[in-house]
Amino acid sequence: MNLAYRDVRHNFGRFMVTCLGLSLLLGVVLAMIGIYRGLIADALELVDTIDADIWVVEKGTRGPFAESSRIPRDTRESVARIFGVKSVGAVTFQSIETESDGKKLRLYVIGYEPGQLGGPKYITEGRGLTGRNFEAVVDSRTGLDIGDHIQLGRNGFTIVGTTVNAVSSGGEPAIYLSLDDAQKLQFDLSPSATRRERARGAVVVNSTDTVSAVIARTSPNASNDNIVKTIERWKHFAAMTEEEQGLILTQSVVEKARKQIGMFTAILILVSAVIIALIIHTMTMDKIREIATLKLIGAPDRVIIGLIVQQALAMGLIGFAMGGFLIFNIQDFFPKRLVLQPMDGLSLAGVVVVICLLSSIYGVYTALKVDPAKALAG
Amino acid sequence: MTENKKPLISIKNLSKHFGEGETRVDALRDISLDIFPEQVIGLLGPSGSGKSTLLNVIGCILEPTCGQIELDGELVYNDRWLRSDLRGLRLEKVGFIFQAHNLMPFLSSMDNVAVVLDLAGYSASAARARAGELLEYLEVGNRVEAFPGSLSGGEAQRVAIARALANKPRIVLADEPTAALDSERAGIVMDLLRKVAIDQQAAVIVVTHDEKIYDRFDQIFHLRDGLLSQT
Ligand SMILES: Nc1ncnc2c1ncn2[C@@H]1O[C@H](COP(=O)(O)OP(=O)(O)OP(=O)(O)O)[C@@H](O)[C@H]1O
Ligand SMILES: [Mg+2]
């Protein structure tokens, strides 16, 4: 006869309410992990989408995402001439804020030369950029549709196509412009002092024809490390492989957030552990007379331990399942992406099981200590 | 009557006191007592005289202060417990009917009885069959699926009696088993205890204030301030 099950069935409502409370807590833990994974996925998404083998940026910077970087556009030609480089592109990146339908909209402007590297990976609707001015392709998460107009700086742009998987490490959806348009936008939005200087002409050499980075794809049998070394020998440039760029993003861009979220998740897990321990102890204390009676009629310790531990595990796992179900179903309502990975879920389930077992120790200890004569009092 | 047999319960110079100094209560003083198979014994005495204490000590629930307890030929206490597995001993040999019935609130009447059999290793169906039989006999057969919270005091007590007798114990210790019952049902319980004593060669000790059942005992003992006397 399974006493744990009988007790739960008899107090089913109370048990489920407890599980529900626990599920909210564990749901939050799961969401935290999902937010963390989402952060990393967001951080890497653009690098993955652009899919360049080599990133060339300004020397001394870890650009173009972690730090700003400016190099002359014609660096592209020098890179293209390196043995093993198959194709190249010059790109600019810039975050801006604009309005659409009266709502504030933060966008990540990507300028590239149509026909070269750096453009959207897929066009899901409409068409790509052709080189005409004032056209744009947007990530569908901007909420903009084909034919919409949007004001950026001094100019209005028409959306001609949409794409996916283009979000900055800060979570801003991308808008692709032609490199010329993007450079003009950068100039429009730069501080007025610089603008005046430039308008007077020839102050900074090449200053209007700079890009954030030059990217390159290499042929399959080329050594990316050697290409990087070649570029690093040039005076004003730094180069890195796709992996290094990814590492910079996860380390520098999300490092703080990662520590913050990691810390918060650890605290939440600790809080859950304490709460589970308290619930189990209370459940045990509520049954202390029955436990004493069980001892009176001769039940061995394993029956009593089973009663407590099985209920603890059931509560933990049901709470976890309910929490997982909840978060899975509301994940799309989060303003930032939640990435729920089966492995993370399984690990958390493992942690919950361990917490339940550890939390039971106190309850089991109390139960085993109780004097059977206690059942006779009153 | 049964003096030629070996006693099932044999107590020598048993004492039990609670507390020390000012608050010391001598609940049992130097008690010696032999009870034989097939005997149904009555234990009488005013409130606070030590009746429950004596039952609990015999049932190895409460540790005495000093003396000897021998159950079914096994010396279990000699100024200290000689057996470590007291719970196993209780499950095997002792059936308790507690003053407060102590049923599990989350088990039905049927399961409250069957749980003892389950612990004793009966199969689920055998346990239910025996539990059902006992409950039927005690006239609570119509309440097998009810939970203790919805039973009347008398019904709960009869379920508790069924539980105590389920594993066919050879020592039955009953603390006021008929207190909540009318005389007809009290008679049924006493008949059952007598039947158990004969069928199972058991020794039965019944604590009671109930004058209706005085004539059902083979022997009656009186406790007063922890001292035992026979009438
Ligand atoms: N755990 C305990 N701690 C201290 N004193 C106790 C304890 N249990 C019983 N006593 C005392 O021992 C004495 C005998 O108690 P016991 O419960 O055996 O009486 P009883 O004869 O069963 O009374 P009643 O008829 O009211 O049930 C009483 O004075 C009681 O106060
Ligand atoms: Mg009493």
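**Backbone outliers in chain B and the overall form of chain A**

Asn13(B) is placed in strand E1 of chain B, the strand that covers residues 9–18. In this predicted model, the phi angle of Asn13(B) is near 45°, a positive value in a residue that is not glycine. Most residues other than glycine have a negative phi. With a relative accessibility of 42%, Asn13(B) counts as partly exposed, because the partly exposed class lies between the limits of 20% and 50% relative accessible area.

A positive phi is also found at Glu38(B), where the angle is about 75° although the residue is not a glycine. Whereas Asn13(B) belongs to a strand, Glu38(B) is located in a loop of chain B, the one that runs between strand E2 (25–35) and strand E3 (40–44). Glu38(B) has a relative accessible area of 27% and is likewise partly exposed.

Turning to chain A, the secondary structure consists of 11 helices and 12 strands. The radius of gyration of chain A is 30 Å, well over the 21 Å that the globule rule gives for 378 residues, so the chain is more spread out than a compact globule. Taken along the principal axes, the box filled by the C-alpha atoms of chain A is roughly 100 × 50 × 40 Å.

The domain assignment divides chain A into domain 1, made up of residues 3–42 and 256–376, and domain 2, which spans residues 49–253. The centres of domain 1 and domain 2 of chain A, taken over C-alpha atoms, are separated by 48 Å. Contact between these two domains of chain A involves four residues of domain 1 and seven residues of domain 2.

Among the contacts in chain A with a separation of 6 or more, 76% are accounted for by residues 24 or more positions apart. Of the 378 residues of chain A, 49% count as buried. The accessible surface of chain A comes to about 18400 Å², and carbon and sulfur atoms contribute 58% of this area. As to charge, chain A carries 39 positive and 37 negative side chains, with the centres of the two sets lying 5 Å apart.

Conventions. Residues numbered from 1 in each chain as written. Chains lettered and ligands numbered in written order. Predicted model: local features only at pLDDT ≥ 70, side-chain atom pairs only at ≥ 80, totals over all residues. Heavy atoms only, no water. Helix = DSSP H or I, 4+ residues; strand = E, 2+ residues; numbered from the N terminus. Rg over C-alpha atoms; globule rule 2.2 N^0.38 Å. Buried < 20%, exposed > 50% of the residue type's maximum accessible area, 1.4 Å probe, protein only. Contact = heavy atoms within 4.5 Å. Areas by Shrake-Rupley, 256 points an atom, 1.4 Å probe, with all protein chains shown as cover. Lys, Arg positive; Asp, Glu negative; His and termini not counted. Charge placed at Lys NZ, Arg CZ, Asp CG, Glu CD. Domains from an automatic or database assignment.
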